[in-house]
Amino acid sequence: MKEAIRYLGYGRNTADERTCTMIRNAFSEVENAAGTKCICRIFDVEQTADNNTAIGNLIIDSRSLSRNLKGCTKAVLFGATLGAGVDRLIRRTSLTDMSHAVIQQACAAALLEEYCDEQQLAIGRKLENEGLYLRPRFSPGYGDFDIRYQEPIMRMLDCAKTIGLTMTSSYMMTPTKSVTAVIGASRIKERCPVAGCEACGKSDCEYRR
Amino acid sequence: MIRDRLGKELLLFDGGMGTLLQERGLAPGELPETWNISRPEVIREIHKNYIKAGSDIVLTNTFGANALKFQAEGCSLEQTVKTAVRLVKEAAKKAGAAPAETSGTGNGKRTVYAALDIGPTGKLLKPMGDLDFEEAYEAFKEVMIWGEEAGADLIHIETMSDTYELKAAVLAAKENTSLPVFATAIFDERRKLLTGADVPSVIALLEGLHVDALGINCGMGPEQMMPVLEEYVKYSSLPIIVKPNAGLPKQRGGQTYYDVSPDEFAGYMEKIVSMGACVIGGCCGTTPGHIKAMADRCGKMQIVPPAEKKYTVVSSYGQSVFLGEGSKIIGERINPTGKKKFKQALKEHDLEYILREGITQQDNGAHILDVNVGLPDIDEPAMMKETVQELQSVVNLPLQIDTVDAEAMEAALRIYNGKAMVNSVSGKQESMDKVFPLIRKYGGVVIGLTLDEDGIPADAEGRVRIARKIIDEAAKYGIGKKDIVIDALAMTISSEPAGAKVTLETLRRLKDEVGVNTVLGVSNISFGLPSRPVINAAFYTMAMMNGLSAGIINPSSEDMMKAWYAYHALMGLDTNCERYIGRYSSTQSSGGGSGAAGASPSGIGQKSTLSLRESIEKGLKEDASLITTHLSEKQDPLEIINTELIPALNHVGDGFEKGTVFLPQLLMSAEAAKSAFAVLKDKMDRSGEVQEKIGTIVLATVKGDIHDIGKNIVKVLLENYSFDVIDLGKDVAPELIVETVREKNVRLVGLSALMTTTVVSMEETIRLLREGAPQCKVMVGGAVLNQDYADMIGADFYGKDAMQSVRYARELFAG
């Protein structure tokens, strides 16, 4: 709820009661339309030359990712989606009521983040048994982690088949309410695994938590 | 031929390929099909092991071999596919069996069939994704042609999670090869495809396209598949294929594995055969060991031969509708006949108007939507195709293609995602010759009108005779009675006193004597009479009572809906009267009005205490429209716009820019203003007054970009400020934008892009605009943009938010 309000551009302001009611309704509409699915696979990580990281056979050239994965021996490749039903719902609502559509859109984004957090915690609990601790998840398109890495990541996870997540030729995920990410795993327990927004350098962002 | 054995004896498929290749060193993400060329001996060996284990049908290693998925250096796709077929044939010989073409020579060897394996493209089709239906078709087509040339014995389309892609693949196989076609889809525990389709809708689609066998593969283990299989057995008239994984996927040490053992697997498969599967095999995680155990256990079993099912089903991408269970509602509103606004929308290519008609009807209870876009001066095939495509992206109801234009009918049936209802064929030979081949090819449930060369028979006897003629003629095409719905025809009682009685008798006899489903355009009955809803609702009830399977009505007519709910409650077709109670328990005198946004008129009854300006500032849609109606009785519309509407919008817009009003409120106000404008526009249309538009603006989300919510926000606001907006939609080619700008002599274009990868096409669009329409200004917006970026790609203006774009547009057109 708080997240959805933030996505709607309220910043630290509170929303009025009517908008809150609309948000609550929109959450349940989005939940009903969603066919939430996720997939993960764990790979060995090797940090090679300066900024290169090898995840399985995939070599990624990114300073931000290599910083994110520093000290990790393994990495989880992760894909999640709310499914095409949510896209349809928002498109349908856009035709009849834009304010409602914008709220559904924010709720969908919030729901997806929440779902990813839950799944990540679950993965984390399993890996703790093997003495591995997760880092915050990191997605292609952030920092200098090129969006184009989405393609091999989705191939390695076989996303189209396993969770129905595909990509357009311009690297947009379809269904649109979807995430791919790399989650580092190290032997050393460092910090809270689901911190995301705060780690970003863009401190003047209007959507910042 | 495998067709001679299919459905008569049990046939065995092979098992997994991917898992075995991974054991032999295939890396995650590496394309398995490259091994056909680089390590053919490994592929051949695996095939051979399956044949020895007992497989009658072996899949070629071509699951991902299509131009959209398979991009490998130094590896031709054609060679990869053709080699794959050859490897199965060679393996058969090595295993001491006979490839299909050499069998039947009396050498006593077991026959092995090479099935060309076709998997999904890995892309999502339009409009949810960016892959065009025909592009998908082409990708499948070339592989299938190569497969047939190389000697494949059948085509096996599998692991499909989208009915639309499934349809493209089956059509490609049917139109370009003469091979038998098997098709299986991947269901989850909810018994749905990833895209939402249920089992009956998948079966309806595939049976309509005349595949040879259909079924389930992948996704689940044999045990979890059983509930899905149960549904298949219930609804399918064709042989059923079942190919489970070796259980649900598990992970250990970073590796995916499956843990149902060969013996367990065989045990489940025995049960699956006894339930009704005719072709069995394995998918992910199954090995020659599993197939061997399965062959040992099930090899001698008798199958349950598939039986013809009698259901009349139409489907959309996401659901199936059964005719003959209660009476279904077919919404009639997407039709220009007698509707001025609708005609105008068609002429102006205002698809959104049409889509909203669809949404409203669904909200009001329609089960199927009739789609008629025929007007003398429009390109009906193109319009029909576009309307169907757009409708199926926002409404999950099955559609009824309503046209007399065979070309439009075929265009729509081809791209329709499901098994459509078709309106209509008549008893005229010419009509049947034209329509039945299309139904035969694409599938569908067709409405047969009880009229022929001699016109409409005046009595029930004559109409029943024509119905029988239609059914008999359809049978010649292999179209069963279950796929025909007869229209008994309602003739107005104002000119035909016995009209209603004849129609009702026809309905009853069609049901009792002919055993066919029926349909009626109900409201024709009252044509020319006053207070038509009174007659319509009564006749509707009588028609349902006489067996009407589906009424073509206006679901927004409360009288008709009352009749529908009451009939179903009265006839025990509404368990515990739940639907009736759900609809009417909270209704007081006013009725209707769903108020999806949670905003109901604050004023009780007719009088609101708010001013129009306040109602817009507060974003109260219903109030705004109500107050405007009252106000416009004594005030000039233009005056209302200038003294109430525009100041309210300005006030809210200023608040948004200052950070005291937020996006949802801004849009609620915009929606409220829109509803007020609609009232005023109606009034002005009637008085012939015209409100000057400030100017025309083209909006588009650029090529490659499919996020359009930002663009839609800008659109709503610009329209509020009296701009004429031409919305070209999302993923728009630069050429189309330039062409539109030139044709309409447009002064301002707004472009949106979400990601760095699509800003490239924004830049390209601007470049082409500068060349082709130098007078036109360009404003841009979108998540990744900022002023610097906008300057870099040569935009005239960067709008940080929607209000800034409005402000820029107003300044530009004021100057």
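Which residues does B:Cys284 touch, not counting residues up to four places away in sequence? I looked that up first and got B:Gly16, B:Gly18, B:Thr19, B:Cys218, B:Asn245 and B:Tyr258. Touching, or being in contact, means here that the C-beta atoms of two residues, placed from the backbone, lie within 7 Å.

**Ground rules**

I'm working with a predicted model, where local features need pLDDT of at least 70, side-chain atom pairs count only at pLDDT 80 or more, and totals for chains, interfaces and linings use all residues. Residues are numbered from 1 along each chain as its sequence is written, and chains are lettered from A and ligands numbered from 1 in the order in which they are written.

**Entry: the cysteines**

I came to B:Cys284 through a UniProt record: an unreviewed entry annotates B:Cys218, B:Cys283 and B:Cys284 as "binding site". I note that UniProt positions are in the numbering used here, feature names are shortened, and annotations may be inferred rather than shown by experiment. The three are spread over 67 residues of sequence, yet they cluster in space, with a largest C-alpha distance of 6.5 Å.

I found B:Cys284 in the loop between strand 11 (279-280) and helix 11 (288-298) of chain B. My helices (H or I, at least four residues) and strands (E, at least two) are DSSP runs, numbered from the N terminus. B:Cys218 sits in another loop, the one between strand 7 (213-217) and helix 9 (222-235) of chain B.

Buried or exposed? For B:Cys284 I get buried, because 25 other C-beta atoms lie within 10 Å. B:Cys218 is buried too, because it has 24 C-beta neighbours inside 10 Å. The cut-offs: 20 or more other C-beta atoms within 10 Å of a residue's own is buried, 12 or fewer is exposed, and in between is partly exposed, with C-beta atoms placed from the backbone.

I also listed the contacts of B:Cys218, leaving aside neighbours within four places in sequence: B:Thr159, B:Ile186, B:Asn245, B:Cys283 and B:Cys284.

**Entry: domains of chain B**

The domain assignment splits chain B into domain 1 (2-298), domain 2 (323-573), domain 3 (612-687) and domain 4 (695-814). These bounds come from an automatic or database domain assignment. I looked at how domains 1 and 2 of chain B meet: 12 residues of domain 1 are in contact with 9 residues of domain 2. On the domain 1 side, helix 7 (163-176) and helix 8 (199-208) of chain B each give two or more residues. Helix 8 of chain B gives the most, with 5 residues. The C-alpha centres of these two domains lie 39 Å apart.

**Entry: the hairpin**

Strand 12 (312-315) and strand 13 (320-323) of chain B form a hairpin with 4 residues between them. They pair in the antiparallel sense over 4 bridges; for strands to pair, DSSP must find at least two bridges between them. One of the bridges joins B:Thr312 to B:Leu323.

**Entry: the barrel**

Next I opened residues 327-571 of chain B, which an unreviewed UniProt entry annotates as "domain: Pterin-binding". This stretch is 49% helix and 16% strand, and its end C-alpha atoms are 11 Å apart.

How many strands close into the barrel of chain B? I count 8, in the order 14-15-16-17-18-19-20-21, with parallel pairing. The twist averages 30 degrees from one strand to the next. As a sample, strand 15 (368-371) and strand 16 (399-402) of chain B pair over 3 bridges, and B:Val371 has B:Ile401 as its bridge partner.

Helix 14 of chain B lies across strands 15 and 16, at about 160 degrees to strand 15. Such angles run from 0 to 180 degrees between N-to-C directions, and the axes are lines fitted to C-alpha atoms, for helices over the stretch in contact.

At the end of this region, B:Leu570 belongs to helix 20 (558-570) of chain B. I noted B:Leu570 as partly exposed, because 14 other C-beta atoms lie within 10 Å.

**Entry: meeting chain A**

Last, I checked the other chain: 46 residues of chain B are in contact with 47 residues of chain A. Helix 25 (663-687) of chain B is among the helices that supply at least two residues to the chain B side, and its 7 residues are the largest share.
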